[in-house]
Amino acid sequence: MHHSRTGAPGKARRWPAVVAVVCVLAVLAAAVYWWAVARPSQEPSVPPSASAPAGGDDETQDGENPAGTDDDTAPTDEDADKDPIPEPDDNSPQAKAQRAVEAMSIEERVGQLVMAPLYAGTDPSALYDLIANQHVGSVLIIGNWWSGTDGVRQATDALQSYAPENNRLLMTTDQEGGLVQHLQGPGFDSMPTALDQGMMSTEVLRQSASVWGSQLNQAGINVDLAPVVGTVTVDRNANAPIGALYRDFGLDAQGNAEHAIAFIDGMRDSGVQSVIKHFPGLGGVTGNTDFTASGILDTTTTLDGPEVEAFITALEADPAMVMMSLATYQQIDPDNPAAFSSTLIDGYLRDTIGYDGVITSDSLSAAALGAFEPREIGVRFVEAGADLACIGASEYVQPILDGLNERAASDQAFAEKVTRSAIRVMTLKYEMGLAQ
């Protein structure tokens, strides 16, 4: 099919020239675009201190923001390629303790809450099964040891060898002075009564306690269950557990607290920790809780009185533990011995005072608790918020362990209390260098 031409021949000849001009302009526009916009994005990244080019994409250099944003921490491609900086490990004693306890079975946790006795004349191997297989974490060296520092050290070394290398034993004894000094013989000084210690200046008492502590340290003892911080408020001779035995410093509450601090500091100077006892004080009763359940109702002690204040002051010296009394306190919790009182332990010591250290007991096998079944004694103690069951009679250890394990296996809330208590005990061990 043929078409006729239209228009003038001159115009037809000008059309290719117009096309050529348009093409040249397009090439020039592309070149300008490449130079102004595309080229910078193909060059190596600018240094972090340089500004991003205007008109660039949304990804900016190290810490610079996309235009129109207020975010000072926008990530970059370079940042995205880096591994995140790891959080530093928390290596505080409490954090280490928590990790250690998380790795324990419930039976291992329960074992950390028990202090088993070794009496003078008993072969340490008698405690092998309790320590190696039932995970008991503390031992009380008790009785009249006359073998001196070397003899006691042989026993404590043997006991420590039964424990895991990374979780050594709290090795305790009652070394107050006077009538309450379980370790004697070559290497041990004869300690004056606490009443005589109260006549010393606090400086002299601290120096003396350091000497006595160094002797305990040499014997492998790392915790002294002393000093008594109670203030006698009745006739001294009628106060069978403390006053009649010269176990207190014999001063007013403030003076007793100051001397307790000096004793604690002196022991610590030689590498031995201390325990303040018997909270909230045995100075207002007549009966000795070790031997009787009579005369052990305190009718006068109150939480806001000077007797309790002495303990709070002594806590400033950071003793290893607080030991609970087995007496009952009418003005505080008339229904429970102090060692079973959630009012005193969870309520006052934990919540009101904020004490989160180890709470131990006077001997849970004492006559004061004779009305309770051995299997329930440890349970009641831990249920109240306490931690380390001190046991003076060997035959009580297994029932207390069994009772704790049975309750923890059947009661999740109680198992959580066991875990919290085990963390507190293990925290103390890490602080003392016994755990790794």
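Does Arg350 count as buried or exposed, and at what relative accessibility? Arg350 counts as buried, at 10% relative accessibility. The cut-off for buried is under 20% relative accessible area. This is a predicted model, and the arginine is a useful way into it.

Arg350 lies in helix H11. Its side chain joins that of Asp387 through a polar contact of 2.7 Å. Neighbours within four places in sequence aside, Arg350 also touches residues from several stretches of the chain. Among them are Ile345, Tyr355, Asp356 and Gly357. Ile359, Gly385, Ala386 and Arg424 are in contact with Arg350 as well.

Now step back to the whole protein. It has 14 helices and 13 strands. Of its 436 residues, 49% count as buried. The exposed surface comes to about 21000 Å², and carbon and sulfur atoms supply 52% of that area. Take the contacts with a sequence separation of 6 or more: 74% of them are between residues 24 or more positions apart.

The strands come next. Eight of them form an open sheet with parallel pairing. The order is S12-S9-S7-S6-S3-S2-S1-S13. Strand S12 (358–361) and S13 are the edge strands, and each pairs on one side only. Strands of a sheet pair through backbone hydrogen bonds, either parallel or antiparallel.

Start at the S12 edge. Strand S9 (residues 321–324) runs parallel to S12, and four bridges join the two. Here Val322 stands opposite Ile359 in S12. Ile359 has appeared already, as a contact of Arg350.

Go to the other edge. Strand S13 (residues 389–390) pairs with S1 in the parallel sense, over two bridges. Met115 stands opposite Cys390 in S13. S1 is also joined to strand S2 (residues 138–142), by five bridges, and these two run parallel. In S2, Ile141 is the bridge partner of Leu118. How much of S1 is covered? Strand S1 (residues 114–119) is mostly covered, with five of its six residues buried.

Helix H10 (residues 306–314) gives another view of the interior. Seven of its nine residues are buried, so H10 is largely enclosed by the rest of the structure. The buried residues are Glu307, Val308, Ala310, Phe311, Ile312, Thr313 and Ala314. What do they pack against? Their partners are helix H9 (253–269), strand S7 (273–279) and helix H11 (343–352). Two of these have been met above: S7 belongs to the open sheet, and H11 holds Arg350.

A general point helps in reading such a helix. An α-helix has 3.6 residues a turn, so residues three or four places apart point the same way.

One more residue is worth a stop. Tyr162 is found in helix H6 (residues 148–162). Why does Tyr162 count as buried? Its relative accessible area is 17%, and the cut-off is under 20%. Setting aside neighbours within four places in sequence, its contacts are Pro124, Ser125, Leu127, Tyr128, Ile131 and Ala132. Ser125 makes a polar approach too: its backbone nitrogen lies 3.4 Å from a polar atom of the Tyr162 side chain. His135 is 27 residues from Tyr162 in sequence, with 9.6 Å between their C-alpha atoms.

How values were computed:
Residues numbered from 1 in each chain as written. Predicted model: local features only at pLDDT ≥ 70, side-chain atom pairs only at ≥ 80, totals over all residues. Heavy atoms only, no water. Buried < 20%, exposed > 50% of the residue type's maximum accessible area, 1.4 Å probe, protein only. Contact = heavy atoms within 4.5 Å. Pairing = 2+ DSSP bridges. Areas by Shrake-Rupley, 256 points an atom, 1.4 Å probe, with all protein chains shown as cover. Polar contact = N/O pair within 3.5 Å; in protein donor to acceptor, adjacent residues only side chain to side chain.
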